[in-house]
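Let us walk through this structure together, starting from one pair of side chains and working outwards to the places where chains touch. Keep the viewer open as you read.

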Amino acid sequence: MTARHTLVVGAGPGGLSAAAAALAAGARVTLIDSAEQPGGQYNRALPDAYAAARPDRVQHDWDRFDALRRRVLTHPRCTWWSGTEVWALERQAHEAAGPPTVHVAHGPADGSARRRSTVTPDALVLAVGAHDRVLPFPGWQLPGVFTAGAAQAMVKGERVVLGNQVVVAGTGPFLLPVADSLLEAGSSVIEVLEASTRGAAARGWLRRPWELAAQAGKGGELLEYGAALARHRVPYRFGRAVTEVRGDGRAEEAVTARVRQDWSVVPGTERVLPVDAVCVTHGFSPLLELPLAAGCALGPGPSTVPGDEFVTVDGDQHTSVRQVYAAGEITGVAGAPAARAEGAVAGWIAGGGDPGHPALRALRRKRDQGRAFARRLALAHAVGGAWPGWLRPETVICRCEGASYASVCRAAEGAEGADARAAKLGTRAGLGPCQARVCGPTVAELRRRAQGDGPAPPVPGLPAASPHHRPIAQPIRLGELAQAPLDAPPHGPVPDSDLGPGPGAHPDPDPHPDPDPAPDSGPHLPHSPQPPHPPHPPHPPHPPHPPHDGTKEKRQ
Amino acid sequence: MSGSRVAVLGAGIIGSACARELVRAGLDVVVVDRGGAAGATTSHGEGNVLVSDKGPGPELELAQLSRRLWPGVLAEAEERTGSARAAEWEPKGGIMVATTEAGARGLADFAAGQRTAGVRIEELDADAVRSAEPHLTPHHTTALHYPDDGQVQPAGAAQVLLGEALARGARLRTGTEVLGAVRRGGRIEAVQTTGGRIEADIFVNAAGPWAGELSRRLGAPVEVHPRRGEVLVTAPLPPTVFHKVYDADYVGAVGSSAEETQTSAVVESTRAGTILIGSSRSRVGFDVRLRPEVLSQVARKALTLFPGLAGASVMRTYGGFRPYVPDHLPVIGADPRLPGLWHAGGHEGAGIGLSVGTARVLCDLLLDRPTEIGAAPFRVDRPAVLGGAADASAQGA
Amino acid sequence: MSPRLVRRETDAVRRTDRPIDITVDGEPVRGIEGQSLAGVLLASGRLAWRHGPDGAPRGVFCGIGVCFDCLLTVDGERDVRACRRRARDGDEVRTQTRSPHEGEGPTTPENSPVDIPATPPAQPSRPQDGTS
């Protein structure tokens, strides 16, 4: 007997839950992540080599995460492919044939001799997460300006502190854990600036308080961060933004200003702060290249912001493509609890679990609460429409190619009626190594404003112009591409007794947080069966790691 | 004819070049596109302006005419609009490389024919190759330099042409899809579009690979079909490749159409430092699915020429559809079945380079002026265009 | 002030540091096992190590492999994201630049600053050489 094979891409909260639920449903699971350890961004762990005795000190909810990852990674029907990039998805000639063939490269990040292989699962769960969206402003390309996620990744993932005199700015609840991490590591945080006005934030957060109560875990977490700021006497200011960073070859001064509800600068309120680092976030961009490559339809999701796009899913987390499921931030930025619930639903259904299982009701409720939370989040921390007022003609929009605000506007307004693709070739904005991951949404927005029209009508035979269209989802060396991929049977034989859902199988991998089963000895994870080629150096036994906190997860 | 109204259907590079030429000749021109300008095939190609890939014959003549015209066209556009830099014109020359003895013999024969047709070709000895392309494989059997091959940034070039046309009074209607023809007295007198009726005396079908579909809507079908191609783009590198470099297989691939997918290596750098690596030719209709195996084939062929590029990071691939006619010749001229309808298309992978020559020929034909090259081979009423040509390969190139 | 590593002696996570040695443009730099190359470079006080197209310095921006600002050449392998690549003892790291080597217009073989092997690399394929 062969169990249904479910491939999960992304081992953050959503992907890990999906893997656990698919295993509970009786499926064989392959879990893929480009990182060496599961956790994504939200549960980012310290490197094994640090052999940290107290990873829990920098991680919320460490015990729960640790128990879950052990349960998944040690499961006999689970194959864990760490250090593995999905670089392309190859759709089947007929969609009815099922999910796309997944092309992966195993080995050191951006290596040149990684092994290629392909997998065609029975079901595919995409849980690849999101990254910070950062709006451009003069000086944002200076060294010393970081995304909030970078600060978090470095402190929580490596114990590197990016500066000593730091301003944390932007919008959204992610500002708090980032400031908290910096404080914990000994940085001095000068101030935390939330661009949303106090009024807008209050309206967003207080409109339907019962929804917030349902997210008590998240709310409580944020309160703790707030308490940390108070303890360190760090001012948290509403309606103030970093509108420029200056310095000679690095960030030396941050210009902050009061902003109105639309984020236009109130003249005369500018202040100049000496800094050595500025950490910025203006929300999150979902990583949509794999869903797009799989052919999944996109829509506004829970967002009300024009231009926002997420993967469209039904109540089972099923996308528009047969046997392709999506969970987590790519369906709407709703935080880790919602991602876990979505992952559990997606994994259970993708793994062949009973769609009528009573436990799904509670999971869907959790997911819906998460989405309500996401809507409030979007409302309270919406990007103000006047932010381009911060820019100057020469301000860099595309960090890779150096395309300026003026050039992007000229192309958008061009009398020649140029299509978005043609404009891109002209300005080169979005054509550099990051492939529009950073500037794509900004350029699309500026273009929308200049032209005031909707998306261009689709042309048969051409993919829709999308800032997320990246058929090569991760760079691959020409020499690697020239190699033929190996077929990768994901598993050795599985004993029949291990197949199918056992008695009491349950989609929710985490109905009650488990106590840490072995707090002192450290887990000793056996290796899952590996692909038929040596993809990466053997892991040392996993000691416990501190993940990090934030409001996002990501595959990378 | 002066003052006649012309509607050019398609705002890619062919439509843009035609609009420019026609408006210069004093005609009243409107350009219509269902999308934006230069957004489809034009912005999904490499920007080849080649003479090296064509054997003696009408297409080579069209290529040579176009190559003669390009510098003047750009100079005039610069004078008129000051924006010709956007075309990124680089007369960088091409190098055709054979890596086997058989390939060397085939290339020698091919080049001999081209020389008699007036193509400039220089044989490169080992030292000359090393100095021209230091990273080219030393294991080649022949390397020929074609100094007249050039390159443009295709969407930029199209915009330069269209920009000049607009500056001279042409009008552009984007987001306007043609739905059908309105006939009167056997002539086409208007087209119905999603934006209403557009009247004109002359309609030019410049819809690229969609020319077949458009011609069916107009009631005068021509056999123009899509042929998919893929190009790989590396991350920016320090200067590594200095010409357009092709393996000699490329010569064979253009004309043949026996297999579903063919690949041959075309390697060149852009001003931004990226290296473009082409290309594939697949007859898969308008199917846009990524086929990694095709990309692998392209990569393998490129590495045969430039083994040192194995470590280059491929960050993007883009694919487009070339418009091809079963006999692999462009279609330029009046449609004998529907007076008022003209066609300019079917250039397969060469439309960027051939655009300005095509526009010149079309304009001369339209104004009943003598053409600079023989235009008869491109006429519409040939079997390959009107149907009845059983298979491309039977027609030869 | 420059970026730095949280002092081991006072670090709440109580980590064990095992030193590794790499070189950056020939200069020896000590890191600890488990760090990414970005972590090693930042902890050594370096804030920037690449030059963008305008010639201005760049370093880490997103820290999670999205922005490609932190690219390095590692043991001859170009365009490695420093924030994604685990540092290994003995890594030879070179910084990269996208500064134009001259004005507009094509570069010719004569003024090319690069040395890319013109012969097939040994198997498994080695990447080409980096730039200045």
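In this predicted model, the side chains of A:Arg237 and A:Glu191 meet in a salt bridge, with N and O 2.6 Å apart. The term salt bridge stands here for a side-chain nitrogen of Lys or Arg within 4 Å of a carboxyl oxygen of Asp or Glu. The pair links distant parts of the chain: A:Arg237 sits in strand β13 (residues 236-238) of chain A and A:Glu191 in strand β12 (residues 188-194) of chain A, 46 residues apart. Helices (H or I, at least four residues) and strands (E, at least two) are DSSP runs, numbered from the N terminus. The two partners differ in cover: A:Arg237 counts as partly exposed at 31% relative accessibility, whereas A:Glu191 counts as buried at 2%. Buried means under 20% relative accessible area, exposed means over 50%, and partly exposed lies in between (1.4 Å probe, protein chains only).

A word on conventions: residues are numbered from 1 along each chain as its sequence is written, while chains are lettered from A and ligands numbered from 1 in the order in which they are written. Because this is a predicted model, local features need pLDDT of at least 70 and side-chain atom pairs count only at pLDDT 80 or more, while totals for chains, interfaces and linings use all residues; side-chain values use heavy atoms, with hydrogens and water left out.

Now step back to the whole of chain A. It has 14 helices and 23 strands, and buried residues make up 65% of its 556 residues. Among the contacts in chain A with a separation of 6 or more, 73% come from residues 24 or more positions apart; contact means heavy atoms within 4.5 Å. About 18,300 Å² of chain A is exposed, and carbon and sulfur atoms supply 55% of that area. These accessible areas come from the Shrake-Rupley method with a 1.4 Å probe, and for residues only the protein chains shown count as cover.

Over all chains, the structure holds 71 salt bridges. In chain B, one of them joins the side chains of B:Glu76 and B:Arg20 (3.6 Å, N to O). B:Glu76 lies in helix α2 of chain B and B:Arg20 in helix α1 (residues 13-24) of chain B, so the pair ties together parts that are 56 residues apart in sequence. B:Glu76 is partly exposed at 22% relative accessibility, and B:Arg20 is buried at 2%. Another salt bridge of chain B pairs B:Arg300 with B:Glu293, the closest N and O atoms being 3.1 Å apart. Here B:Arg300 is partly exposed at 32%, and B:Glu293 is partly exposed at 38%. Shared partners also join salt bridges into one network of B:Arg20, B:Glu21, B:Arg24, B:Glu76, B:Glu164, B:Arg168, B:Arg360 and B:Glu372.

How far can you trust chain B? Its average pLDDT, the predictor's confidence in each residue from 0 to 100, is 92, and 94% of the residues score at least 70. Over residues 389-397 of chain B, however, the pLDDT is below 50; beyond near neighbours in sequence, this stretch has 13 contacts in the model.Next come the interfaces. Where chain A meets chain B, 41 residues of chain A are in contact with 44 residues of chain B. The two chains bury about 3,500 Å² between them, 64% of it on carbon and sulfur atoms; buried area is the accessible area (1.4 Å probe) that two parts lose on being put together, summed over both. Across this interface the rule finds 0 salt bridges but 11 residue pairs in polar contact, both at pLDDT 80 or more. A polar contact is a pair of N or O atoms within 3.5 Å; within protein, one must be able to donate a hydrogen and the other to accept it, and residues adjacent in sequence count only if both atoms are side-chain atoms.

Chain C also touches chain A: 51 residues of chain C are in contact with 61 residues of chain A. The area buried between chain C and chain A is about 4,900 Å², and carbon and sulfur atoms give 54% of it. On the chain C side, C:Arg4, C:Phe61 and C:Ile64 lose the most area to chain A, together 16% of what that side buries. The rule finds 7 salt bridges across the interface of chain C and chain A, and the side chains of C:Asp69 and A:Arg399 meet in a salt bridge with N and O 2.6 Å apart.
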